[in-house]
Amino acid sequence: MGEDIIKLQGITKVFPGVVANDHIDLSVRRGEIHSLAGENGAGKSTLMGILYGLQQPDEGSILLRGEEVRLASPKDAIRHGLGMVHQHFMLIPKFTVTQNIILGMEVGSRLRIDYPRAEEEIRQLSQRYGLGIDPTVRVSELSVTMQQRVEILKILYRKAEILIFDEPTAVLTPQEIDEFCDILTRLRDSGKTILFISHKLAEVEKISDRVTVIRRGRVVGTLPMAETNQQELATLMVGREVRLGGGARRQVEDSGVLLDIRGVHYVNHHGVERIKGVDLQLHRGEILGVAGVDGNGQEELENLLCGKRKPSAGTISFLGQDIAGKSVKEIKKMGMGVIFEDRHKDGLVLDFSVRENLILGFQDQRRFLKAGVFLDKKKVEENARRLQEDFDIRCGSLDAPAGKLSGGNQQKIIIAREMSSDPEMVMAIQPTRGLDLGAVSFVQDKLVEARNQGKGVLLFSLELDEVLQVSDRIAVIFKGQIVKVLKNEGVTKEQLGAYMLGVAQEEGLHEAANA
Amino acid sequence: MKPQTLEREGASPAPKPPRKRLIPPPEKLRAAGLEAAISLLAFVLSIVTGGIILAILGVNPFTAYAALFQGALGSPSAIGGTINRMIPIILAGLAVAVGQKGSVFNIGVEGQLIVGGLLGCLAGIYIPAPAALHLPICMLASMLGGLLWALIPAWLRLKKNVGEVFTTIMFNYVAKFLLGYLVVKVFVNAGGQLSATEKIRDSARLPALVAKPYNINVGILVAVLAVVLVAIFIQKTRWGYEMRATGYNRDASSSAGINVGRNMFLALLLSGALAGLGGCLEINGTVFRVFESYSPGYGATGIAVALLAKNNPVAVLLTAFLFGAMRNGAALMQMSTGVSSEFVSIVQGLIIIFVCSENFIRYLLKKAQKRGVKYA
């Protein structure tokens, strides 16, 4: 392994109220895969923004190949051989791969772009790194993985030597992640230097040569991956020991069926059948994880269960009653708590205070009312204080608008509220999305706690790690059908991934290809 | 560095027993202070811009504003006039604010006020009733009128998802021309020389609260009572809570099981009823009969009033006072300086523009804060 190709010294960046980067030192060697691990908000993105010229540091210096440089814009960074693949792709769907890649660097004369030459060049690059991209297709026709590869080609085309990847695996399935890791390895072996930003430790462990952990804007340490492991990294990232997966499980006595979905179909207003005959049972005292690639009918199924939509056919029986066609309110009253995916859109009224948000949806319950009409200030206050304590909601004041809180604390408000009515069942949709590790383990603990109390938990998640860590059983949804339900014993990500992509269907189970 | 203590910061210590507070908590005060500062700045900017316009017209802005002030508050009768002017403006502003709280933008206050005033007036002319009952009957009739005028837009919103902004604007025109027709052709006064109805019976008139020379009528009490009731409704009741939740975030509200459609429907009806009451207080308090253009655009003023008050019912009282004073002082300004009383509408429009450029004002305030008091 070579000399230090990047050396950051004492990088400090202060935003109003936050020190995003606090005297960060970082050395990256030529030809290594160097991971930058840290929780959301630890300062990874700010640091990479500084390295890529998007932001200017308040203090500190950047050395590239031993020389101090000033990167005033991404243009400077690119000139110095840096390239970045952003989490959100920056591609124009209507353009072809070639058009996207050469944008801003067109070859040819002033009046005419020399497409054949550009295409040839891109084809060669694609072959050399095994990317398998046809330069002539439109980006809109490519899958997410392929689009990511176009982004990689884009920076390779700009002769980047140092490739920065910002949370690149967030959008990929397990198989795709494997392939992606192969690509990174090939890039490294051909001499490129790779900076890999992630909070997913499994991937960090798999591909890194060295890893630097950042917490609260400071470097906690840089370690060769061979000398450390996921658990140690997690502890470094959070600053204390975290244990994912929610802890001890108890067998509950009554494990009767709580939710019974039978033959449910749903046709949306465009006439497209999004749910094609789902059968699924949720028992008391279990966490049933629903795994699947995004957009395979999860959203529709969630909406059917919580009462936002009505099934076109079939029955959904909850506690022995058919809830198909009941309102959100009625289903809620029967004892279903829902942790919605989008905290800001569905979970909270951001302009409301923490106190007000803690009764949202329960404002019409007698326990909060005086004379059936007026909100009882005292009871609302008591409720808020109790939940604030039980769920460790850190908000300074209960009068603070919910929008001012961190994501983790916002999620705590929602969970506290939904659990406060002692529901029979909890439907949790991506409940840990965007949370940092500490909050993730808190949320998972609460789900397991609910399960241990004999409630049923239906967990929709796109994170396979989470599904595997938390669930008792796992149902895989694919193209509007539950293609497999398995006990979570010795199940691997690869197995799940195969079901999720519809490639491992058992004979005679369902026909899934009639989409 | 002590990350451990840092982490615990913010965690609540032992919960303090909730005690009654006379002063709202600091966060709320600061937020309210900022809102108030924005509104105040918007108002000042409009006055200054209005002054520049006056100067361009060749009028000394200081003389004109002095006349405006004199006409608004310079004498007991001016003060009384201002307060009487305020009454329909308070209700129009309150109507807009209530709609906004429930996430409906009721531009139809004008029409609802016209129809409400007409029904209140007709009840005052044609229903023989003892004095103690007559006024309440008129008020109820006017509220019913305003509510009915909001009913079709509200129904269209609920069932067909038709934007209330369009329907209520249309209904303003319908109301205006319907009124024109009715006072010329149907409910004509005996003499027949005016396009106006008969005068209402004495029993239907709002009595004086403060005698001449102030000559303030009881309507102001009714208006203040309406403000108080609406404020209690919005802040303290569960329906108010649902309405506010709907106004802030429809998705979260429906996800929490709140019937968003019904809340918007009710907000619009309530808004209409308040507007109708505003019409009645104007007719039965000062005008005593309905003629074709008896509303000088109270609906539009109501929008400005609510905007400036940030839809806070209590603040509506203050902003309505400002607009009442301007409208009332405009006559004297016109007489003594020759500036048309419609100048007040210009200021009103400017206020709307400045309040809507709230983000710009926030930016100015932030900058001022950063640089100390240099720009404040």
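In this predicted model, helix α4 of chain A passes helix α5 of chain A in a right-handed crossing. The first of these helices covers residues 115-128 and the second residues 144-157, and their axes come within 10 Å of each other and cross at roughly 110°. Because angles of 65 to 115 degrees count as roughly perpendicular, α4(A) and α5(A) are described as roughly perpendicular to each other. On the side of α4(A), the contact is made by A:Ile122, A:Leu125 and A:Ser126, while α5(A) contributes A:Leu153, A:Leu156 and A:Tyr157. Sorted by class, this contact has 5 nonpolar residues and 1 polar residue, and no charged residues.

The chain to which these two helices belong has 17 helices and 22 strands. Chain A is 515 residues long, and its radius of gyration of 25 Å agrees with the value near 24 Å that a compact globule with that number of residues would have. Taken along the principal axes, the C-alpha atoms of chain A fill a box of roughly 75 × 55 × 45 Å. Of the 515 residues, 45% count as buried. When contacts in chain A between residues at least 6 apart in sequence are considered, 68% of them join residues that are at least 24 apart.

Where chain A meets chain B, 34 residues of chain A are in contact with 23 residues of chain B. The elements that give two or more residues to the chain A side are α10 (328-335), α11 (343-347), β18 (374-375) and α13 (377-390) of chain A. Among these, α13(A) gives the most, with 5 residues. By class, the side of chain A that touches chain B has 12 nonpolar, 8 polar and 14 charged residues.

Strand β18 of chain A also appears in the surroundings of a helix in chain B, since it is included in what covers the buried residues of α9(B). That helix, α9 of chain B, runs over residues 238-248 and is mostly covered, with 8 of its 11 residues buried. The buried residues of α9(B) are B:Gly240, B:Tyr241, B:Glu242, B:Met243, B:Arg244, B:Ala245, B:Thr246 and B:Gly247. Besides the strand from chain A, the covering elements include α4 (76-101), α8 (219-236), α10 (250-255) and α11 (260-287) of chain B.

Two single residues, one from each chain, can be followed in more detail. A:Val485 is found in strand β22 of chain A, which spans residues 481-487, and B:Gln70 lies in helix α3 of chain B, which spans residues 61-73. A:Val485 has 15 other C-beta atoms within 10 Å and is therefore partly exposed; B:Gln70, with 15 C-beta neighbours inside 10 Å, likewise counts as partly exposed. Leaving aside neighbours within four places in sequence, A:Val485 is in contact with A:Arg473 and A:Ala475. The table sets out how far each of the two residues lies from another residue of its chain, along the sequence and in space.

| Residue pair | Separation in sequence | C-alpha to C-alpha distance |
|---|---|---|
| A:Val485 and A:Ser317 | 168 residues | 19 Å |
| B:Gln70 and B:Ser46 | 24 residues | 19 Å |

Definitions and conventions:
Residues numbered from 1 in each chain as written. Chains lettered and ligands numbered in written order. Predicted model: local features only at pLDDT ≥ 70, side-chain atom pairs only at ≥ 80, totals over all residues. Contact = placed C-beta atoms within 7 Å. Helix = DSSP H or I, 4+ residues; strand = E, 2+ residues; numbered from the N terminus. Nonpolar A, V, L, I, M, F, W, Y, C, P; charged D, E, K, R; others polar. Axes fitted to C-alpha atoms, helices over the stretch in contact; angles between N-to-C directions. Parallel < 35°, antiparallel > 145°, perpendicular 65-115°, else oblique. Left-handed = near helix turned anticlockwise from the far one by under 90°. Buried ≥ 20, exposed ≤ 12 C-beta atoms within 10 Å, placed from the backbone. Rg over C-alpha atoms; globule rule 2.2 N^0.38 Å.
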